[in-house]
Amino acid sequence: MPSKRPKILVVDDDLAIVSARATILESQGYETATAFSGEEAVQVADSFHPDCLVSDVTMGAMNGVEAAIEILGVLPRCKVFFISGNADYGDLLEEARAKGFDFELLLKPVPPPELLARLEQICWHSTT
């Protein structure tokens with residue numbers, strides 16, 4: 001785990017999901033910021049500078065994949081993974097891979113212990 005308090009941007013268009021994930025992460029020592037759309041995620045990331053983005057895929061005009069790619073253009077060291085209730089986003093993830101981005105998708109529901117373990121693995125495993 002990095003020595004500083006890790007910063008996680010939690011993004012979903014469902015207020016209850018965002019609130020629950022942020023509460024779980026904060027209870028484990030993470031600093032969190034929240035957003036409820038892809039557009040808002042880009043704006044929040046610009047000032048919050050997250051170490052990791054945990055996002056839903058479908059959220060309106062700008063989906064989570066598009067937001068992640070835009071955020072990574074400014075914050076290339078930010079780690080990203082998606083949590084979604086729908087596994088049918090293969091095309092979006094394939095388009096991202098074609099652009100050089102390899103994102104992981106976890107399917108809802110993700111129990112808190114699994115969320116924390118995956119966050120540790122995905123976001124901090126390669127951190128020195």
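What follows is a walk through the fold of one protein chain, from its overall layout down to a few local details. The model is predicted, so every value here is computed from predicted coordinates.

To start with the big picture, the chain comes to five helices and five strands. Read from the N terminus, these elements run β-α-β-α-β-α-β-α-β-α. The C-alpha trace spans about 35 × 30 × 25 Å along its principal axes. The radius of gyration is 13 Å, which agrees with the value near 14 Å that a compact globule of 128 residues would have. Buried residues make up 47% of the 128 residues. As for the outside, the accessible surface comes to about 6600 Å², and 52% of that belongs to carbon and sulfur atoms. Contacts also reach across the sequence: taking those between residues at least 6 apart, 66% join residues at least 24 apart.

Next comes the middle of the sheet pairing. Strand 4 (79-84) is joined to strand 3 (52-55) by four bridges, and the two run parallel. Within this pair, Leu53 has Val80 of strand 4 as its bridge partner. Strand 4 is also joined to strand 5 (104-107), again by four bridges and again in parallel. Here Phe82 stands opposite Leu105 in strand 5. Five of the six residues of strand 4 are buried, so this strand is largely enclosed by the rest of the structure. Strand 3 and strand 4 also belong, together with helix 3, to a right-handed β-α-β unit.

The interior can be described through its nonpolar cores. In soluble globular proteins, nonpolar side chains tend to be buried together. In this model the largest nonpolar core has 26 residues, and Leu9, Leu53, Ile71, Phe82 and Phe103 are the ones with the most contacts inside it. At least two residues of this core come from each of strand 1 (7-11), strand 2 (31-35), helix 2 (38-48), helix 3 (64-74), strand 4 and helix 4 (90-98). Ile71 gives a good feel for how these pieces meet: leaving aside neighbours within four places in sequence, Ile71 is in contact with Leu9, Ala41, Val42, Ala45 and Leu53. Apart from this core lies another, of 16 residues, with Ile8, Val110, Leu115 and Ile122 among them.

Helix 2 deserves its own look. Its buried residues are Gly38, Ala41, Val42, Val44, Ala45 and Phe48. Among the elements that cover these buried residues are strand 1, strand 2 and helix 3. Three of the names on that buried list, Ala41, Val42 and Ala45, turn up again as contacts of Ile71.

Two backbone details round off the description. Helix 2 is followed by His49, which sits in the loop between helix 2 and strand 3. His49 has a positive phi of about 55 degrees although it is not a glycine. At 41% relative accessibility, His49 counts as partly exposed. The other detail is in the loop between strand 5 and helix 5 (112-124), where Pro109 lies. The peptide bond from Lys108 to Pro109 is cis, with omega near -5 degrees.

Key. Residues are numbered from 1 along each chain as its sequence is written. This is a predicted model: local features need pLDDT of at least 70, side-chain atom pairs count only at pLDDT 80 or more; totals for chains, interfaces and linings use all residues. Side-chain values use heavy atoms; hydrogens and water are left out. A nonpolar core is a set of buried Ala, Val, Leu, Ile, Met, Phe, Trp, Tyr and Cys residues joined through side-chain atoms within 4.5 Å. Buried means under 20% relative accessible area, exposed over 50%, partly exposed in between (1.4 Å probe, protein chains only). Contact means heavy atoms within 4.5 Å. Two strands pair if DSSP finds at least two bridges between them. A crossover is right-handed if, with the strands pointing away from the viewer, the path from the first strand over the helix to the second runs clockwise. The radius of gyration is taken over C-alpha atoms; the globule rule is 2.2 Å times the number of residues to the power 0.38. Accessible areas come from the Shrake-Rupley method with a 1.4 Å probe; for residues, only the protein chains shown count as cover.
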